[in-house]
Amino acid sequence: MKPTPLLLPFSWLYAAGVAVRNLFFDLGLIKITKLPVPVISVGNITAGGSGKTPFVAMMAKMIRDRGKKVAIVSRGYGRRSSGYVVVSNGDQRCAESFHAGDEAAQLADLLDGVVVVVDEARSRGAKNVLKSFKVDVIILDDGFQHRFLFRNRDVVLMTAQEILKPSRLLPAGYRREPWSSLKRADVIVVTKCRTRSEFEEASSALQDRWNKQPLGTQNAVAGLFRMFSNEQVRSEELRGKDVIALSGIADPGSFEDTILALGARIAQHLCYSDHHWYNERDLKDILHAAGESGTSTVVTTEKDHVRLKAMGEVAERMLSPLSVVVIAIEPSVIEGLEVLEEMLVSL
């Protein structure tokens, strides 16, 4: 998002509001709920696009594989419901995507043995989890700004690009909080590093300012599969092929980089807003773009896959002439894994 001079006065007002709110929390003037189990917050200081959902999934797997029962508490942004909703009881999905939100539904599908719930009042959601499930650790998804719930560890994700080319605060830019808020972070994760040198440059900037050793990750393709059949797709099948890119995410540029790295050519990119719920008009646009570009292959994200599947039989029927390939992404740690492991051991 490019700086908008006309919005700068509103960013200054926003900054003042954030400063006062954080001061009230720091002084104990706002009540903070503390739970009897450890809480890890995973969040950011920008409005999306930091790769939070894949990182939450990775960390939940690490804790689960250490023999601990994990619950993820999310706001469920973009869902068509309110209040406390159990998305997964650890054994099966318990709520449709519309009621869960796309990210919570995605996490529920990815994580066997992990409880996933949503509640816009996340303190309430976490309390309800403890009433209904026996869990050892709670992960607070997108929780850095939700200070009403005490957290034992704060993990903050930032892309290398936003560190090296920082934006302004909302609404002139896309940052939720000033850089000074990073003093609350126990672990800073530099995500979506395109090269090791980019990580090292971003890491140096963070260490100079905060004296904290960050964790570095790159986006890695965990697998490819066809949307309706779940059939695995070899990456070679996309190499040299013209495709339609389809996304409704906060960082479509990163998605394009992934497609190009697989050797495909992007004929068109149908780019919708983050958390966009698809409708029949959108499906007609997808078909039109494919016909116009002379390709039958559509490539999309896991988050978009969740929202397309929420349309049920309508999506399957209308998109049946096409091959819709979903790219599953996972973070690959390039440096600092011991930082994360030490944090988890210390809980």
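So, L111 first: setting aside anything within four places in sequence, L111 is in contact with A57, A60, K61, R64 and I72. You'll find L111 in the loop between α4 and β4, the strand at 114-118. And it's a buried loop position, with a relative accessibility of 1%. One pair to look at here is L111 with M58: they sit 53 residues apart in sequence, and their C-alpha atoms are 9.3 Å apart in space. I should say right away that this is a predicted model, so please hear everything that follows in that light.

Now, several of those partners take us to helix α2, so let's go there. α2 runs over residues 52-64, which is 13 residues. From first C-alpha to last it reaches 18 Å, close to the 18 Å you'd expect at 1.5 Å a residue. How many of the 13 residues of α2 are buried? It's 10 of the 13, so the helix is largely enclosed by the rest of the structure. The buried set is K52, T53, F55, V56, A57, M58, M59, A60, M62 and I63. Notice that A57 and A60 are in that buried list, and both of them are also contacts of L111.

Next stop, α4, which covers residues 102-110 and holds Q106. Is Q106 buried or exposed? Buried, with a relative accessible area of 8%. Leaving out residues up to four places away in sequence, Q106 touches T53, E302, K303 and V306. T53 is one of the buried residues of α2, while E302, K303 and V306 are among the buried residues of α10. If you're clicking along, Q106 is a handy place to centre the view, as it has contacts with T53 and with E302.

That brings us to α10 itself, residues 302-309. Here 7 of the 8 residues are buried, so α10 is also largely enclosed by the rest of the structure. The buried ones are E302, K303, D304, H305, V306, R307 and L308. Yes, that list includes E302, K303, D304 and R307, for anyone who was about to ask about the charged names.

Within α10, have a look at H305. H305 is buried, at a relative accessible area of 13%. Which residues does H305 touch, not counting those up to four places away in sequence? F225, M227 and V326.

Just past that helix there's G312, in the loop between α10 and α11, where α11 is 313-318. G312 is partly exposed, with a relative accessible area of 32%. Its C-alpha is 9.9 Å from that of F228, and the two residues are 84 apart along the chain.

Okay, backbone geometry, since I know this group likes to check torsions. There's a cis peptide bond between L170 and P171, with omega at about 0°. P171 belongs to the loop between α6, residues 160-164, and β7, residues 187-191.

Then a couple of residues with positive phi. K192 has phi of about 55° although it isn't a glycine. It's in the loop between β7 and α7, the latter being 196-210. K192 counts as buried, at 12% relative accessibility. N211 likewise has a positive phi of about 55° without being a glycine. N211 is in the loop between α7 and β8, which is 215-226. This one counts as exposed, at 71% relative accessibility.

Let me zoom out to finish. The chain has 12 helices and 12 strands. Its radius of gyration is 20 Å, close to the 20 Å that the globule rule gives for 347 residues, so the chain is as compact as a globular protein of that length. Along the principal axes, the C-alpha trace spans about 60 × 45 × 40 Å.

Buried residues make up 51% of the 347. Of the contacts between residues at least 6 apart in sequence, 79% join residues at least 24 apart. The L111 and M58 pair we began with, 53 residues apart, gives you a feel for that sort of sequence separation.

On the surface side, the chain exposes about 15,600 Å², and carbon and sulfur atoms supply 51% of that. As for charge, there are 44 positive and 42 negative side chains, with the centres of the two sets lying 6 Å apart.

Conventions:
Residues are numbered from 1 along each chain as its sequence is written. This is a predicted model: local features need pLDDT of at least 70, side-chain atom pairs count only at pLDDT 80 or more; totals for chains, interfaces and linings use all residues. Side-chain values use heavy atoms; hydrogens and water are left out. Helices (H or I, at least four residues) and strands (E, at least two) are DSSP runs, numbered from the N terminus. The radius of gyration is taken over C-alpha atoms; the globule rule is 2.2 Å times the number of residues to the power 0.38. Buried means under 20% relative accessible area, exposed over 50%, partly exposed in between (1.4 Å probe, protein chains only). Contact means heavy atoms within 4.5 Å. Accessible areas come from the Shrake-Rupley method with a 1.4 Å probe; for residues, only the protein chains shown count as cover. Lys and Arg count as positive and Asp and Glu as negative; His and the chain ends are not counted. The place of a charge is taken as NZ of Lys, CZ of Arg, CG of Asp or CD of Glu. The expected span of a helix is 1.5 Å times one less than its number of residues.
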